[in-house]
Amino acid sequence: MRNKSIFLSLLLALGTTCAMAQAKVDDYLNIPGPLQLNNAAYRLAWSAHPNKNYYKQEYLVPGETLERFNSLVTIDFLKGEFRPADLAGQKVEELKKLKATNPLVNYNVYEKDQQYILDFLISQSSADGKQLLIVERNVYRYERNANPAQPGIVLLCASQRAYGNGIEPFLQKLKTDKMKLVKAVAEYKMPAVTAKQ
């Protein structure tokens, strides 16, 4: 009986270890955390390296989830000889197409010293189009990687979301507080990325 309970304890311990290993998130970009942005601390919550040139890492404040967050920071890295202006322009074209079917879509582009900041609003409605479910505000900053050994573009993205009844107050606050997040993203000290090969 004692051997059986030892065996069960070992199985439980192994199960816990496996679950913890699955929950571990790879820091592909070697960025020390937590990230401090707009008076909040963001910890790495999810990462992906879908192809040899592209990396994506998402960061959340404690207590929030990727499925339903109020605030999220993302850092993308695209290896190669790209220009920030081209990638920002590509996103603007996407937003123009989206605006044709979604009038809430709105954007502004700011440029300084080869850094591009794109501030935009998108939304999701119910299937019948009668109810606004989510409004998301994003501030993207595109710039060249400061690490000369790995040329590419680093994209810092700060996202804010509102859901259902929280949408109207969120949009009202944006009218008076719009530039605060743009300023925080613009002034953030972008890390020099050293991506895992």
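# Briefing: an eight-stranded antiparallel sheet with three helices

Let's start with one residue pair: Ala 48 stands opposite Lys 56, a residue of β3. The model you are looking at is a predicted one. Its chain holds 3 helices and 8 strands, and 38% of its 197 residues are buried. Read from the N terminus, the elements follow the order α-β-β-β-β-α-β-β-β-β-α. Among contacts with a separation of 6 or more, 54% are made by residues 24 or more positions apart.

**The sheet as a whole**

- The 8 strands make an open sheet with antiparallel pairing, and its order is β1-β2-β3-β4-β8-β7-β6-β5.
- At the edges of this sheet lie β1 and β5 (106–112), each of which pairs on one side only.
- Neighbouring strands are turned against each other by 25° on average, with direction ignored.

**From β2 to β8, strand by strand**

- A hairpin with 2 residues between its strands connects β2 to β3.
- These two strands, β2 and β3, are antiparallel and pair over 6 bridges; Ala 48 facing Lys 56 of β3 is the pair we began with.
- Strand β3 spans residues 54–60 and is mostly covered, with 5 of its 7 residues buried.
- On to the next pairing: β3 and β4 run antiparallel and are joined by 7 bridges.
- Here Glu 58 has Thr 74 of β4 as its bridge partner.
- Strand β4 (residues 71–79) is also joined to β8 (residues 152–163), through 9 bridges and again in the antiparallel sense.
- Ser 71 has its bridge partner in β8, namely Gln 160.

**Helices against the sheet**

- Helix α2, residues 84–99, lies across β4, β5, β6 (115–125), β7 (132–144) and β8. The angle between α2 and β6 is about 25°.
- Helix α3, residues 167–187, lies across β1, β5, β6, β7 and β8. The angle between α3 and β7 is about 10°.
- Do look for the bend in α3: a kink of about 75° is centred on Thr 176.
- Which residues of α3 are buried? They are Ile 167, Phe 170, Leu 171, Leu 174, Leu 181, Val 182, Ala 184 and Val 185.
- The cover over these buried α3 residues includes β1, β5, β6, β7 and β8.

**Aromatic rings and a charge over a ring**

- How many aromatic pairs does a search of the whole structure find? The search gives 4.
- One aromatic pair is Tyr 140 with Tyr 142, whose ring centres are 6.1 Å apart and whose planes meet at 65°, making the pair edge-to-face.
- Both partners lie under the 20% limit for burial: Tyr 140 counts as buried because its relative accessibility is 14%, and Tyr 142 counts as buried because its value is 5%.
- Tyr 28, Tyr 55 and Phe 77 come together in one aromatic cluster.
- Arg 68 places its charged end over the ring of Tyr 163, 3.9 Å from the ring centre.

**Backbone details in the loops**

- The loop between α1 (2–23) and β1 (35–37) contains Pro 34. The peptide bond joining Gly 33 and Pro 34 is cis, with omega at about -5°.
- Asn 30 belongs to the loop between α1 and β1 as well. Its phi is near 55°, a positive value in a residue that is not glycine.
- Is Asn 30 buried, partly exposed or exposed? With a relative accessible area of 43%, Asn 30 is partly exposed, since that value falls between the 20% and 50% limits.
- Asn 38 sits further along, in the loop between β1 and β2 (40–51). Phi of Asn 38 is also positive, near 55°, in a residue other than glycine.
- Asn 38 is partly exposed too, at a relative accessible area of 26%.

**Places to visit in the viewer**

- For the backbone, go to the cis bond between Gly 33 and Pro 34, then to Asn 30 and Asn 38 with their positive phi values.
- For the helices, try Thr 176 at the centre of the α3 kink.
- For side chains, see Arg 68 over the ring of Tyr 163 and the edge-to-face pair of Tyr 140 and Tyr 142.

Technical notes. Residues are numbered from 1 along each chain as its sequence is written. This is a predicted model: local features need pLDDT of at least 70, side-chain atom pairs count only at pLDDT 80 or more; totals for chains, interfaces and linings use all residues. Side-chain values use heavy atoms; hydrogens and water are left out. Helices (H or I, at least four residues) and strands (E, at least two) are DSSP runs, numbered from the N terminus. Buried means under 20% relative accessible area, exposed over 50%, partly exposed in between (1.4 Å probe, protein chains only). Rings of Phe, Tyr and Trp (its six-membered ring) pair if their centres lie within 6.5 Å; planes under 30 degrees apart count as stacked, over 60 as edge-to-face and the rest as tilted. A charge sits over a ring if NZ of Lys or CZ of Arg is within 6 Å of the ring centre and within 35 degrees of the ring normal. Two strands pair if DSSP finds at least two bridges between them. Axes are lines fitted to C-alpha atoms, for helices over the stretch in contact, and angles run from 0 to 180 degrees between N-to-C directions. Contact means heavy atoms within 4.5 Å. The bend at a residue is the angle between axes fitted to the seven residues ending there and the seven starting there.
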